[in-house]
Amino acid sequence: MKKSLTAVAALSVLGLVPAVSSASATTPVSLTGLTAKQILNISLKAAVAKKSATTVGTTSVLGISVREVTTSGPRSGYGNESINGHKGSIIYTGGVVYTKFDAFLIKFNYGVTDTAVDNKWISVTKASKFYRSLAQGITYPSVLQQLTPAGTLSALAPTTINGVSAIGIVGKVSATFGLPKGTQTLYVSATAPFLPLADEVRASERGVSVDIVITPKNWGVAVSVSPPKVFTPVAKTKL
């Protein structure tokens with residue numbers, strides 16, 4: 001997901017590939033008897049090996065519904081965003097973010113409006129104040145960072161996610177969501193190769209509940225991204 005929707009703004013920080021060096025050198029045949037941290041590391045190691053994936057993310061807060069579908073590779077990615085019926089697209093390649101939003105989504109993502117670029121491609125480089133939040137959760141490394149619960153971890157009793165046996169790993173919400181407090185649960189497949197199945201965030205900001213669900217799929221998907229042929233640099237807009 002590009003960001004999480006909070007009560008006052010979209011807050012995020014750019015993540016890195018999570019550390020998985022403590023995972024076993026070989027994949028175990030079972031997760032029985034392993035600690036929550038060991039299970040998390042095994043799952044992340046399996047995810048890292050896939051090198052790419054598609055994620056479907058939904059966020060609910062204050063009656064607003066956000067849906068983001070993102071296909072992420074090691075250094076590039078693309079996705080679509082829908083908020084209460086308003087739709088937009090985003091591309092990340094060559095270290096540049098390209099967005100194409102309607103007026104509502106421009107206001108939501110940039111905080112200001114410019115009718116001249118409604119439904120037109122805008123390029124955003126690292127020099128822009130908008131770059132960090134827009135780039136979050138598009139490349140595969142930052143997606144894995146978002147999926148990683150923080151702090152002290154604990155394992156839940158076995159359950160089923162979309163018909164697949166799973167174990168939930170619970171911790172604090174990842175700082176990449178920009179939420180001050182909350183819990184995050186990564187559900188891991190109970191069978192090899194123990195890939196992540198779903199990630200749930202239950203958090204709050206200023207007393208407002210924020211619910212986020214991210215579902216990875218299409219592991220190892222081919223990611224082919226090209227920049228749009230026509231675009232306007234954000235510095236040349238009124239944003």
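## Asn-84 at a hairpin turn

Asn-84 is partly exposed, at 46% relative accessibility. Here, buried means under 20% relative accessible area, exposed means over 50%, and partly exposed lies in between (1.4 Å probe, protein chains only). The model is a predicted one: local features need pLDDT of at least 70, side-chain atom pairs count only at pLDDT 80 or more, and totals for chains, interfaces and linings use all residues. Residues are numbered from 1 along each chain as its sequence is written, and side-chain values use heavy atoms, with hydrogens and water left out.

Asn-84 sits in the loop between β5 (77-83) and β6 (86-93). Strands are DSSP runs of E with at least two residues, helices are runs of H or I with at least four, and both are numbered from the N terminus. β5 and β6 form a hairpin with two residues between them. Asn-84 is in that turn and has a positive phi of about 45°. Asn-84 is not a glycine. Most residues other than glycine have a negative phi.

## What Asn-84 touches

Which residues does Asn-84 contact, leaving aside its neighbours within four places in sequence? They are Gly-63, Ile-64 and Ser-65. Contact means heavy atoms within 4.5 Å.

The side chain of Asn-84 reaches the backbone nitrogen of Ser-65 at 2.9 Å. Gly-63 is 21 residues away from Asn-84 in sequence. In space, the C-alpha atoms of Asn-84 and Gly-63 are 9.1 Å apart.

## Strand β5 and its partners

β5 pairs with strands on either side of it in sequence, β4 and β6. Two strands pair if DSSP finds at least two bridges between them. β4 (residues 64-72) and β5 are antiparallel, over seven bridges. A hairpin of four connecting residues joins β4 to β5. In this pairing, Val-66 stands opposite Ile-83. β5 and β6 also run antiparallel, joined by seven bridges. Here Ser-82 of β5 faces Lys-87 in β6.

The side chains of β5 alternate. Gly-77, Gly-79, Glu-81 and Ile-83 point to one face and are buried. Tyr-78, Asn-80 and Ser-82 point to the other face and are not buried. Ile-83, opposite Val-66, thus belongs to the buried face. Ser-82, opposite Lys-87, belongs to the other.

## A salt-bridge network

How many salt bridges does the structure hold? There are two. A salt bridge is a side-chain nitrogen of Lys or Arg within 4 Å of a carboxyl oxygen of Asp or Glu. Arg-202 takes part in one with Glu-200, at 3.7 Å from N to O. Arg-202 also meets Asp-211, at 3.9 Å from N to O. Together, Glu-200, Arg-202 and Asp-211 form a linked network.

The three residues are partly exposed. Arg-202 has a relative accessible area of 38%. The value for Glu-200 is 24%. Asp-211 comes to 33%.

## Backbone exceptions and a buried loop residue

Asn-218 also has a positive phi, of about 55°, although it is not a glycine. Asn-218 lies in the loop between β14 (208-217) and β15 (232-233). At 44% relative accessibility, Asn-218 counts as partly exposed. Most peptide bonds are trans. The bond joining Ala-192 and Pro-193 is cis, with omega about 10°. Pro-193 is in the loop between β12 and β13 (196-205).

Is the loop residue Thr-176 buried or exposed? Thr-176 is buried, because its relative accessible area is 3%. Thr-176 lies between β11 (164-172) and β12 (181-189). Its side chain makes a polar contact with the side chain of Ser-174, at 2.9 Å. A polar contact is a pair of N or O atoms within 3.5 Å; within protein, one must be able to donate a hydrogen and the other to accept it, and residues adjacent in sequence count only if both atoms are side-chain atoms.

## The whole chain

The protein chain has four helices and 15 strands. Of its 239 residues, 50% count as buried. Among contacts between residues at least 6 apart in sequence, 56% join residues at least 24 apart. The accessible surface of the chain comes to about 11100 Å². Carbon and sulfur atoms account for 55% of that surface. These areas come from the Shrake-Rupley method with a 1.4 Å probe; for residues, only the protein chains shown count as cover.
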